[in-house]
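Before reading on, please take a moment to look through the sequence and to turn the model around in the viewer. The report that follows begins with the way the helices meet and then moves on to the strands and the loops.

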Amino acid sequence: MVIIQNVGQYLLDNGIKPSIQRIKIFDFLMKNHEHPTVDKIFLSLSDEIPTLSKTTVYNTLKLFQSQGIVNIVNIEDHETRYDCDTSFHGHFKCLECKNLYDFELENTELNINKFEGFKITESHYYLKGLCKSCLSNKI
Ligand SMILES: [Zn+2]
Ligand SMILES: [Zn+2]
């Protein structure tokens with residue numbers, strides 16, 4: 001869970017000019033930790049910001065990603081989700097309710113010694129299955 005009091009300052013600190021739209025988009029990511037898609041963010045904010053376009057949402061997320069304050073989650077081929085929690089963690093997708101859950105990973109250093117000379121810039125850990133509440137609904 002990411003809690004940032006002053007989103008505008010946080011964006012500035014990360015080299016991003018804090019426009020209202022950018023602040024709202026980051027704020028949305030922070031408050032809706034289900035890892036929303038571009039469509040979800042756009043639909044949720046378009047009432048509040050009538051001038052918002054899907055392209056703006058997409059470009060803003062791309063900017064956030066390039067500045068390292070947002071990670072993308074591609075657990076499904078056909079959808080890209082966004083995560084403002086850039087700490088090291090994995091994602092679990094429930095096949096029933098389609099929710100995405102964060103799970104903690106203890107080992108931040110995997111056994112990759114044989115990979116000398118390579119530079120890793122991204123790592124993703126995805127699991128799929130049934131979440132606790134969907135499992136208990138089946139009983
Ligand atoms: Zn579920
Ligand atoms: Zn996450």
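In this predicted model, helices H2 and H4 are roughly perpendicular to each other, since their axes come within 10 Å and cross at roughly 75°, an angle that lies in the range from 65 to 115 degrees that counts as roughly perpendicular. On the side of H2, the contact is made by Gln21, Arg22, Ile25 and Phe26, and these residues meet Thr56, Val57, Thr60 and Phe64 of H4. Sorted by class, the residues of this contact divide into 4 nonpolar, 3 polar and 1 charged.

**The other helix pairs**

Two packed helices are described by the angle between their axes and the distance between the axes. The table gives these two values for the pairs formed by H2, which spans residues 20–31, H3, which spans residues 38–45, and H4, which spans residues 54–66.

| Helix pair | Angle between axes | Distance between axes |
|---|---|---|
| H2 and H4 | roughly 75° | within 10 Å |
| H2 and H3 | roughly 115° | within 11 Å |
| H3 and H4 | about 125° | 9 Å |

The axes of H2 and H3 cross at roughly 115°, and that makes H2 roughly perpendicular to H3. The crossing of these two helices is right-handed. Where H2 and H3 touch, Lys24, Ile25 and Phe28 of H2 meet Ile41, Ser44 and Leu45 of H3, and by class this contact has 4 nonpolar, 1 polar and 1 charged residues.

How are H3 and H4 oriented to each other? Their axes pack at an angle of about 125°, which lies outside the range from 65 to 115 degrees for roughly perpendicular and is not over 145, the limit for roughly antiparallel; H3 and H4 are therefore oblique to each other. H3 passes H4 in a right-handed crossing. The residues that meet here are Val38, Ile41 and Phe42 in H3 and Lys54, Val57, Tyr58 and Leu61 in H4, and the classes in this contact are 6 nonpolar, no polar and 1 charged.

Some residues appear in two of these contacts. Ile25 of H2 takes part in the contact with H4 and also in the contact with H3, Ile41 of H3 meets residues of H2 and is listed in the contact with H4 as well, and Val57 of H4 belongs to the contact with H2 as well as to the contact with H3.

**The sheet**

Strands of a sheet pair through backbone hydrogen bonds, either parallel or antiparallel. In this protein an open sheet of 3 strands has the order E4-E3-E5, with mixed pairing. Its edge strands are E4 (100–104) and E5 (126–129), each of which pairs on one side only. Neighbouring strands of the sheet are turned by 30° against each other on average, with direction ignored.

Strand E3, made of residues 89–94, runs antiparallel to E4 and is joined to this strand by 5 bridges. Within this pairing, Phe103 of E4 is the bridge partner of Gly90, and His91 stands opposite Asp102 in E4. E3 and E5, by contrast, pair in the parallel sense over 4 bridges, and here Lys93 stands opposite Lys128 in E5.

**Two loop residues**

Most residues other than glycine have a negative phi, and most peptide bonds are trans. Against this background, His35 has a positive phi near 60°, and Lys98, which is not a glycine either, has a positive phi of about 65°.

His35 lies in the loop between H2 and H3, whereas Lys98 lies in the loop between E3 and E4, two strands that form a hairpin with 5 residues between them. Which of the terms buried or exposed applies to His35? His35 has 24 other C-beta atoms within 10 Å, and because 20 or more are enough for a residue to count as buried, His35 is buried. Lys98 has 12 C-beta neighbours inside 10 Å and counts as exposed.

**The protein as a whole**

The secondary structure comes to 5 helices and 5 strands, and along the sequence these follow the pattern α-α-α-α-β-β-β-β-β-α. The C-alpha atoms fill a box of roughly 50 × 45 × 30 Å, taken along the principal axes. Of the 139 residues, 16% count as buried. Among the contacts with a separation of 6 or more, 49% are between residues 24 or more positions apart.

Note on methods
Residues numbered from 1 in each chain as written. Chains lettered and ligands numbered in written order. Predicted model: local features only at pLDDT ≥ 70, side-chain atom pairs only at ≥ 80, totals over all residues. Axes fitted to C-alpha atoms, helices over the stretch in contact; angles between N-to-C directions. Parallel < 35°, antiparallel > 145°, perpendicular 65-115°, else oblique. Left-handed = near helix turned anticlockwise from the far one by under 90°. Contact = placed C-beta atoms within 7 Å. Nonpolar A, V, L, I, M, F, W, Y, C, P; charged D, E, K, R; others polar. Pairing = 2+ DSSP bridges.
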